[in-house]
Amino acid sequence: MIRWFKDNFKNLGGWRTARKLVVFNVDDYGNVRIPSRQARDRLTTAGVKLTGRMDQLDTLETRQDLEALFEVLDFFKDHQGRPAKFTPYTLSANPDFARIQSDKKYHWELLPITFQRLAETQPTAYQGAWDLWQEGIAQGLMQPQFHGREHLNLTLIQHKLDQAANDLSQNLQNESMAGIESDLPGIGFTQAFALTPQKPIDEQLAIHREVITSGMATFEQVFGFRSLTFTPPSQVIHPTLYQVAEDLEIRGIDKPYRVLRDLGDGKRFIEKNRLGRQRSQQHITIVRNVVFEPAEVASFDPVQRALQLMEAAFRWGKPAIISSHRVNFCGHIDPEYRATGLANLKRLLDGMLQRWPDIEFISADQLVQIIDDSTP
């Protein structure tokens with residue numbers, strides 16, 4: 001009963017529609033975490049603590065990952081004949097490992113360069129992967145949106161470079177970014193826009209503004225179009241940066257329903273969000289209301305749970321905005337993990353089409369356009 005109440009309560013406020021819209025918001029595409037099983041083993045041997053599925057299994061998407069995913073998405077069509085579609089929230093750049101090791105300063109490379117580099121060292125996995133990305137976009141299976149420039153907190157990374165920290169050094173040698181421990185309170189290494197009280201807040205926010213600004217420019221350079229929506233890595237961000245995104249023509253920001261925001265200098269507040277426009281903001285807020293982590297080991301069936309959450313969303317006239325992560329569809333390190341994720345994705349798509357044959361598969365930017373067009 002408590003679960004039913006929570007599922008429904010978060011759908012009460014905000015924008016509504018009679019249409020059964022389905023959006024898959026899938027985080028972390030384009031991000032380098034672990035390049036191979038061999039790199040993971042070397043990091044573990046060197047004493048780097050790899051805990052959790054992200055550090056152990058998450059890799060830049062391979063050609064095989066994309067081929068298998070596209071086969072599933074293209075098989076299932078909505079009542080208008082459109083295939084299932086992912087909105088991969090994507091990083092436009094990754095660390096330039098060679099230059100970082102040489103200069104002891106952080107440098108980045110564009111995403112296509114990362115794919116090219118890995119295609120040279122691991123051709124079986126990465127040859128043709130970037131071309132396949134473009135095909136997926138052209139076929140309407142993927143509509144990438146902005147997740148940041150890189151999935152790293154640069155204040156922490158530079159701090160650890162200055163310290164010559166072993167965990168970061170081992171990662172750089174293995175062209176990885178996993179299991180990096182933080183000795184700066186308030187910051188995890190994947191939280192690109194987190195703040196620490198041990199560094200000047202204004203200095204950190206200046207870095208964050210530059211990352212968002214250059215990240216949006218590189219996103220357009222990489223994909224050939226501007227992103228209309230944005231969600232920050234690890235859902236951590238200072239609210240003043242919303243204005244930066246708005247100034248860059250971001251029209252929708254994906255945020256948690258309820259989150260504790262760190263304002264720096266020991267100040268925090270609880271941010272409550274609902275789908276649609278919110279007071280004093282020029283952008284549309286996107287709030288995910290369905291969780292689907294199909295490969296993660298859990299005590300419940302992820303497909304049935306996702307269908308329950310979709311039912312609650314549709315009951316209150318809300319789109320089903322499904323939250324997931326790339327790792328569920330990664331098989332470079334463990335092919336069985338990808339197989340499990342895709343098998344459950346098939347079950348979910350089949351289940352939702354049988355239950356709601358009038359659903360419409362759209363991307364996050366299309367949802368923002370629909371809300372914008374319907375809002376006075």
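In this predicted model, the side chain of serine 169 reaches back to the main chain: one of its polar atoms lies 3.0 Å from the backbone oxygen of alanine 165. Serine 169 itself belongs to helix α10, which covers residues 166–173. With a relative accessibility of 26%, serine 169 counts as partly exposed; the cut-off for buried is under 20%. Glutamine 158 is 11 residues away from serine 169 in sequence, and the two C-alpha atoms are 12 Å apart in space.

Another polar side chain worth a look is that of glutamine 235, found in the loop between β6 (229–230) and α12 (241–247). Here the relative accessible area is 18%, so glutamine 235 is buried. Its side chain makes a polar contact of 3.5 Å with the side chain of aspartate 254.

Turning to the aromatic residues, the structure contains 16 aromatic pairs. One of them brings together tyrosine 29 and tryptophan 133, with ring centres 6.2 Å apart and planes at 90°, so this pair is edge-to-face. Tyrosine 29 sits in strand β1 (residues 21–29) and tryptophan 133 in helix α8 (residues 129–138), so the contact ties together parts of the chain 104 residues apart in sequence. Both residues are buried, and for tryptophan 133 the relative accessible area comes out at 0%.

Tryptophan 133 has a further ring partner in phenylalanine 223: the centres are 5.4 Å apart and the planes stand at 55°, so the pair is tilted. This one, too, links distant parts of the chain, with tryptophan 133 in helix α8 and phenylalanine 223 in helix α11 (residues 201–223), 90 residues apart. Phenylalanine 223 counts as buried at 9% relative accessibility. Tyr29, Trp133 and Phe223 are in fact members of one aromatic cluster, which also takes in Phe115, Tyr126, Trp130, Phe146, Phe193, Phe219, Phe225 and Phe230.

Helix α11, which contributes phenylalanine 223, has the span one would expect. Its 23 residues should cover 33 Å at 1.5 Å a residue, and the end C-alpha atoms are 32 Å apart, which agrees. Following α11 comes glycine 224, with a positive phi near 85°.

Rings also turn up under charged groups. The charged end of lysine 255 sits over the ring of tyrosine 242, 4.2 Å from the ring centre. The charged end of lysine 20 does likewise over phenylalanine 314, with 6.0 Å to the centre of that ring.

Phenylalanine 314 leads on to helix α13, where it is one of the buried residues. α13 runs over residues 302–315, and its 14 residues should span 20 Å at 1.5 Å a residue; the end C-alpha atoms are indeed 20 Å apart. Most of the helix is covered, with 10 of the 14 residues buried. Besides Phe314, the buried set is made up of Pro302, Val303, Arg305, Ala306, Leu307, Leu309, Met310, Ala312 and Ala313. At the N-terminal end, aspartate 301 acts as the cap: one of its side-chain oxygens lies 2.9 Å from the backbone nitrogen of valine 303. Just past the helix, glycine 317 adopts a positive phi of about 70°.

Together with β12 and β13, α13 builds a right-handed β-α-β unit. Strand β12 (residues 290–291) pairs with β13 in the parallel sense over 2 bridges, and valine 290 has isoleucine 322 as its bridge partner in β13. β13 also pairs with β1, again in parallel, this time through 6 bridges. Here valine 26 is matched with serine 324 of β13.

How enclosed is β13 (residues 320–325)? The strand is largely enclosed by the rest of the structure, since 6 of its 6 residues are buried. In a regular strand the side chains alternate between the two faces of the sheet. In β13, Ala320, Ile322 and Ser324 point one way, while Ile321, Ser323 and His325 point the other, and all are buried.

Methods
Residues are numbered from 1 along each chain as its sequence is written. This is a predicted model: local features need pLDDT of at least 70, side-chain atom pairs count only at pLDDT 80 or more; totals for chains, interfaces and linings use all residues. Side-chain values use heavy atoms; hydrogens and water are left out. Helices (H or I, at least four residues) and strands (E, at least two) are DSSP runs, numbered from the N terminus. The expected span of a helix is 1.5 Å times one less than its number of residues. Buried means under 20% relative accessible area, exposed over 50%, partly exposed in between (1.4 Å probe, protein chains only). A polar contact is a pair of N or O atoms within 3.5 Å; within protein, one must be able to donate a hydrogen and the other to accept it, and residues adjacent in sequence count only if both atoms are side-chain atoms. Rings of Phe, Tyr and Trp (its six-membered ring) pair if their centres lie within 6.5 Å; planes under 30 degrees apart count as stacked, over 60 as edge-to-face and the rest as tilted. A charge sits over a ring if NZ of Lys or CZ of Arg is within 6 Å of the ring centre and within 35 degrees of the ring normal. Two strands pair if DSSP finds at least two bridges between them. A crossover is right-handed if, with the strands pointing away from the viewer, the path from the first strand over the helix to the second runs clockwise.
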